[in-house]
Amino acid sequence: ARANDSFLNGQTSQGVFQEFIMSLIEDGVSLSLDYGEEVTRAAALATGRLNLVQGNINVSADFGVPVDYRFDRSTTVKGGYAGASSTFWADVFAARDKLFVEPEGITDPTTANAILNNPVNKIVVSERTQVSPTVIKYVLGRYAQVNGANSSLLDPEARARLTLWVYGNRGDSATAPYFWPTGNLTFMRRDQRPVQLIDGQIVRGTLGVTHIGPNTESGLRSQRYLNVYTDEARPFQVIALGAEDILPQIREPRNLILVATTVV
């Protein structure tokens, strides 16, 4: 319809089709591969493991996070962060002792809300920054206790502080699950060692890398494969293809404390 409208107005319709095809590649195929990378990385950072199913192929990987770096808070009795016996601040202290630095946390909006809204956690949000459309950065403190009751004062205990990153990407659907698996929070030590990327950039703060492996579609080259074409028998039909073989890697498993927690 847009091409016809352009043609009837004395303009070329070629640009309309070019724009459509580029959108099909970038916002359709390529973006879906981007989302696949994010889901895979989120699973690795949240659970320290991968268990992926693609058709008849099962892929599993364990990145070797030690058992004592995994906190099981999956029930209220075990100290779930949404419950009456929450061990949230005790775990922040424990994460600091294990990581030897000020820990930062990352989770999804559902888990974050369960933690922030639980009065047992005595959380006060001192800073909130919208880093991107899908990422919010919180700086958390703890209410002080006066005569055994919560007050409006901030606890002077310097260790009762945490920077919490809330990652809310879930693609193009408002009802789809978040890429970060709900019920998981990761305390992390942001690595300061420089990492050189393939394109020559030097970055800091990375917890791992994402390897792009060879795939058959690209002739066994380690790259993302994208292709768009028309079939001679169906010149009115555009076919777009994409493929990518990736595997995230956690560079140092002791940079992470993995928590499985309740959200209700």
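1. Start with Phe100. In this predicted model, Phe100 counts as exposed because its relative accessibility is 70%, and the cut-off for that label is over 50%. You'll find Phe100 in the loop between helix 3 and strand 4. Its backbone is worth a look too: phi of Phe100 is near 65 degrees, a positive value in a residue that isn't glycine.

2. Lys122 also has a positive phi, about 50 degrees, although it is not a glycine. Look for Lys122 in the loop between helix 4 and strand 5, the strand that covers 123–132.

3. Now for the core. The largest nonpolar core has 42 residues, and Phe88, Trp89, Leu140 and Phe187 are those with the most contacts inside it. At least two core residues come from each of helix 2 (14–47), helix 3 (88–99), helix 4 (109–116), strand 6 (135–146), strand 8 (161–167), strand 9 (184–188) and strand 16 (256–261). Helix 3 supplies the largest share of this core, namely six residues.

4. What does Phe88 touch, leaving aside residues up to four places away in sequence? The list is Tyr81, Ile115, Asn121, Ile123, Leu140 and Leu162. Leu140 is thus on that list, and Leu140 is itself among the residues with the most contacts inside the core.

5. Next, Glu104, which sits in strand 4 (residues 104–107). The side chains of Glu104 and Trp165 are joined by a polar contact of 2.7 Å. Setting aside residues up to four places away in sequence, Glu104 touches Leu162, Thr163, Trp165, Thr186, Phe187, Met188 and Arg190. Two names there should ring a bell: Leu162 is also touched by Phe88, and Phe187 is one of the core residues with the most contacts.

6. Last, the second largest pocket. About 590 Å³ of space lies in it. It is lined by 14 residues, and the closest to its centre are Leu52, Gln54, Glu244, Asp245 and Ile246. Helix 2, strand 1 (49–54), strand 2 (57–62) and strand 15 (245–250) are the elements that give two or more residues to this lining.

7. Which element gives the most to the lining of the second largest pocket? That is helix 2, with four residues. Helix 2 also supplies at least two residues of the largest nonpolar core. As for chemistry, the lining of the second largest pocket divides into eight nonpolar residues, three polar and three charged.

Conventions: Residues are numbered from 1 along each chain as its sequence is written. This is a predicted model: local features need pLDDT of at least 70, side-chain atom pairs count only at pLDDT 80 or more; totals for chains, interfaces and linings use all residues. Side-chain values use heavy atoms; hydrogens and water are left out. A nonpolar core is a set of buried Ala, Val, Leu, Ile, Met, Phe, Trp, Tyr and Cys residues joined through side-chain atoms within 4.5 Å. Buried means under 20% relative accessible area, exposed over 50%, partly exposed in between (1.4 Å probe, protein chains only). Contact means heavy atoms within 4.5 Å. On a 1 Å grid over the protein atoms alone, a cavity is a set of points where a 1.4 Å probe fits but cannot get out, and a pocket is an open set with protein on both sides within 12 Å along at least five of seven lines; lining residues have an atom within 4 Å of a point. Grid points are joined across faces, edges and corners, and a volume is the space filled by probe spheres set on the points. Ala, Val, Leu, Ile, Met, Phe, Trp, Tyr, Cys and Pro count as nonpolar, Asp, Glu, Lys and Arg as charged, and the others, Gly among them, as polar. A polar contact is a pair of N or O atoms within 3.5 Å; within protein, one must be able to donate a hydrogen and the other to accept it, and residues adjacent in sequence count only if both atoms are side-chain atoms.
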